[in-house]
Structures are given as structure tokens and as C-alpha cells.
Amino acid sequence: MSVSLVARRYARALLELGHESGQGDALVTEIANAAETYEASAELRNAVENPLVPHPQKRAVVAEIADALGLGQIAKNTLALLVDRRRIKTLPYIARYLREMTDAKKGLLRAEVTTATPLNDAYYGRLQAQLEKMTGKRIAIDRKVDPSIIAGVVTRIGDRVFDGSVRSRLQSMKDALLPQN
Amino acid sequence: MRPFSRPRAVLLLVLFALAGAWPMIAWAMKPDPHAPAHGAPAHGPAAPAHGPAADPHAAPGAAPHGDDHAAGGEHAHWPPPGINWTDFGDKDRPPFAAMLVNFVLLAGLYYTLGKKPIAEALVARRTAVAKEIEEAQRMKREAEKRAEQYQDKLGRLEEELVTARAALVEAGKGEKERIVRDAEEKAARMQKDAEFLVEQEMRQMQQDLWREQVERATATAEDLLRKRVTDADQERLAEEYLSELAKRPSGTAMTAKGGAS
């Protein structure tokens, strides 16, 4: 069974649990934090995925990290279940699908806004309003800082990109100057 | 010649054997002169007894006709008896008539059996000889014709030699012209290819140089921008980006990789 399919099933179950418990947004955030931690730490991945590590130790490690992140009971149980079922690799996919399903349920479009340096909150508010005006839908903005774009703003909504970075302008200028083969 | 069939051949062999054996059988049936049952009366005047039993005077060592006869053996009679022409009862000497009959039968047999095959064989042989003669004559005529041709060619040999030499010289001239023409075409083609290659190389070098210059320029520009962009520039660019978005009509779907520049 593909990782994507498994992750969708777990995400759908978590969405229902969050809806029943009334803690849907918190659950989304907690699962996203856990997935971010999991992706960021190679040692954690090695400890949890290594078949030579005993299963109780894996559960203990995951429980300790959940406590450190301040996760709720549903998120803790989810991580333990993933360890028991040896599906912990799917955690980043579960987090992404859970966020997409939650946004879809709320009628939200998630926009990833990338800037070279952090901008003030007022700007993000105006940008969100402008994007809502353009798309006709409610927009939730995920802020991201990436110095490689040099300056400017890049907005990604799904597979659509609105690129206003200096890096893309330089690339356009370079493409215009280079001979077309 | 058609061979005899097997039964017919067997029959002929039997007939030949009987014809040839008859005198011998008659000779073999000659009574034994030493047999006691045979007395003097059994021998007629034409067949006098030669043995001691038939001739009481022919005792050993006392030959009736002298010492010469005794020395010659018991059959050495003189004068010899006359020819037996027709006496078929004489068992000592077969009659000449019987031999004659034998010979006539044999000759008739030969004639009867051999007439047709021998005639056919002779005819075939004559035909074959005639064909061979015709073939030999034809070959002779052809040989004479070839001899005439060779003689004619020998007579015109010098002329043909001159003609062949002229043809070879002409062909050599044509071949020379063709080789020269091919070489010139090949040289022109090679020159054209070389010019094309040089042109391509020049163009490629120009493009490479230009590409290198552009990449260096953009890299330098990027470094300068990274060093010199300030927070004020960041805010100004962000405001410009927002203004670009605002210029788009409401509900306009954004395209992939759409730029605000």
C-alpha cells in the first residue's frame, strides 16, 4: 500500500477525531509540530525507524518527545499508534493531508508566502486580503523565510506560483540575454 | 540388339548341347571289346575286332601284322577303315551323314536365331558410322571456319592493335578527366564543409563567450544585490508586489510561475 494512501487514511481519522473532540485546529498544529520535529532530526528518525532498536524504547522516545512538544492526548496516541504499526515514516504526509483536509473543510486555501526577510504582520494581513480578493476564497497564509530569493515575495497556492522575487527577475534577465538554442 | 528371353535362351542351350553331344554319345556307346559277352560275331567286317579276345592272333609279343604294329599298340591298324557315310548302327564311328545333319541343324539354328538381331545390329552400326562420319565432317568444317577466322584476324592484327591502342588512350583520357573532376568536386565539398565547421565553431565560441559573460554578470549582480539590499528595499519590493497583485482583476486565477515583475 502506498505511503500516500496510508497517510490519507490516518489524516481522515484524525480529522474526525479532532472534529468530535472540538480540538481540530490544535490537533492539526500538534501533528504539524511533531512532523516538523521528526523531519528535522535525523537521529530521531534513525532511532524510531531502526529495526534493531527495541520497540518499548521507541515508544519511550516518542512519548518523551511528545511531552517535550506539549502535545495533547490524541496526538500522543497517534504517535504511539504509528510506532506500533511501524508507520511513523508517514507522519509528515499525515500532517500535510490533515492540514489540507481541515482547510478544505473550512473552505480555506492555504498560501505559502516566502520572503527573504520577515515582514510585519500588517503586510501579511493586506496580502491575505488581496489574495482572497483574487481567488474569491478564504486564504490562510503560511509564512516562510528564504534568503536565497534575495528580495521580494513568492506566493504559492497549491501548484500555482506568483513569483515576485529578485532571484526570478535576475533569472528572467539572464534567460533574455542568453542565446536561444 | 535385343537379348534373348531367359526360357528361349535355355532352350537354345539345350538344343546346342544335344546337337553337339550326339556324336559323342554315339561314340561313348561303343561296346567294350574286352567284355566276355562280346564274341567275334559281334564285330562286322567294317569293324574288325582289335582286342586280344576278338583276335586270337593278337597275343602279346605276337603281333599278326608284324613288329611295327605291335610296337604301335593294340589300335594301330593299317590301313585305316573307310569313311562311315550312312551306317547309323556303327557305334565305333559316327556316320558322316549324322555330322552333316548336325552341321545343317546348327547352321539353320544360327541363321534362324541370328538373322534378325545381326541384321539390326548391322543397320545400327551403319547408322552410327554414318553419324560419326557426319559429325567428323561437321567438326572439320567448323575447324576450317575457325582457321579462316584466325587467319583473317591474324591478317588484321596490326589494324586491331592500333584501334585498341587508340581506344585505350581515349578511355584513359576520359578516366583522367573523370578523376580530376571528382577530385575537384571533393575538394570543393571539403572546403565547404570546412568553412561550415569553422563558422559553426566561431558561432559556438561566440555563444560560449556570451553565455560566460552573461553568467558572470548575473552572478556579480546577485552578489551586489545580496550585499546592498536593505530592509527598506525589502519593504519597497513587497509593496510593489502587492501593487502588482492589486492590478489583477478580481477572481483572476493565478497561473503557475506567474510573475509580478
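This note reviews a predicted model of two chains, A and B, point by point.

1. **Confidence in chain A.** Because the model is predicted, the confidence scores deserve attention at the outset. The mean pLDDT of chain A is 91, and 99% of its residues reach at least 70. Among the elements of this chain, helix α3 (residues 42–49) has the lowest mean pLDDT, 90, and helix α5 (residues 73–84) has the highest, 94.

2. **Make-up of chain A.** Chain A contains 8 helices and 4 strands. Read from the N terminus, their order is α-α-α-α-α-α-β-α-β-β-β-α. Of the 181 residues in this chain, 30% are buried. When contacts in chain A with a separation of 6 or more are considered, 65% of them are between residues 24 or more positions apart.

3. **Make-up of chain B.** Chain B has 5 helices and 1 strand, arranged from the N terminus as α-α-α-α-α-β. Buried residues account for 3% of its 261 residues. For contacts in chain B between residues at least 6 apart in sequence, the share that joins residues at least 24 apart is 40%.

4. **The bent helix of chain B.** Where does helix α3 of chain B bend? The bend, of about 50°, is at G114(B) in this helix of residues 96–155, and the proline P117(B) follows within four residues. None of the 60 residues of α3(B) is buried, so this helix lies largely in the open.

5. **The largest nonpolar core.** This core has 25 residues, and A11(A), I31(A), I94(A) and L98(A) are those with the most contacts inside it. Two or more residues come from each of α1 (3–21), α2 (24–40), α4 (55–69), α5 and α6 (91–106) of chain A. Helix α6(A) contributes the most to this core, with 6 residues. I94(A) illustrates the packing: leaving aside neighbours within four places in sequence, I94(A) is in contact with A7(A), Y10(A), A11(A) and I31(A). As general background, nonpolar side chains tend to be buried together in soluble globular proteins.

6. **Another core.** Apart from the core just described lies another, of 17 residues. Its members include L127(A), A151(A) and I157(A), together with L237(B) from chain B.

7. **Contact between the chains.** How many residues of each chain are in contact with the other? There are 32 residues of chain A in contact with 32 residues of chain B. On the side of chain A that touches chain B, α7 (121–135), β3 (152–157), β4 (160–165) and α8 (166–177) each supply at least two residues. Helix α8(A) gives the most, with 8 residues. By class, this side of chain A has 17 nonpolar, 8 polar and 7 charged residues.

8. **The hairpin of chain A.** Strands β3(A) and β4(A) pair in the antiparallel sense over 6 bridges. Within this pairing, V153(A) stands opposite G164(A) in β4(A). The two strands form a hairpin with 2 residues between them, and G158(A) in the turn has a positive phi of about 65°.

9. **Two residues with positive phi that are not glycine.** R86(A) has a phi near 55°, a positive value in a residue other than glycine. R86(A) is placed in the loop between α5 and α6 of chain A. I150(A) likewise is not a glycine, yet its phi is positive, about 70°. I150(A) is found in the loop between β2 (138–145) and β3 of chain A. Is each of these residues buried, partly exposed or exposed? R86(A) is partly exposed, because 13 other C-beta atoms lie within 10 Å. I150(A) is buried, because 21 other C-beta atoms lie within 10 Å. The cut-off behind this reasoning is that 20 or more such atoms make a residue buried and 12 or fewer make it exposed.

10. **The surroundings of E132(A).** E132(A) belongs to helix α7 of chain A. With 15 other C-beta atoms within 10 Å, E132(A) is partly exposed. Not counting residues up to four places away in sequence, E132(A) touches K137(A), R138(A) and I139(A). E132(A) and L109(A) are 23 residues apart in sequence, while their C-alpha atoms are 8.8 Å apart in space.

Definitions and conventions. Residues are numbered from 1 along each chain as its sequence is written. Chains are lettered from A and ligands numbered from 1 in the order in which they are written. This is a predicted model: local features need pLDDT of at least 70, side-chain atom pairs count only at pLDDT 80 or more; totals for chains, interfaces and linings use all residues. Two residues are in contact if their C-beta atoms, placed from the backbone, lie within 7 Å. Ala, Val, Leu, Ile, Met, Phe, Trp, Tyr, Cys and Pro count as nonpolar, Asp, Glu, Lys and Arg as charged, and the others, Gly among them, as polar. pLDDT is the predictor's confidence in each residue, from 0 to 100. A nonpolar core is a set of buried Ala, Val, Leu, Ile, Met, Phe, Trp, Tyr and Cys residues joined through C-beta atoms within 7 Å. Two strands pair if DSSP finds at least two bridges between them. The bend at a residue is the angle between axes fitted to the seven residues ending there and the seven starting there.
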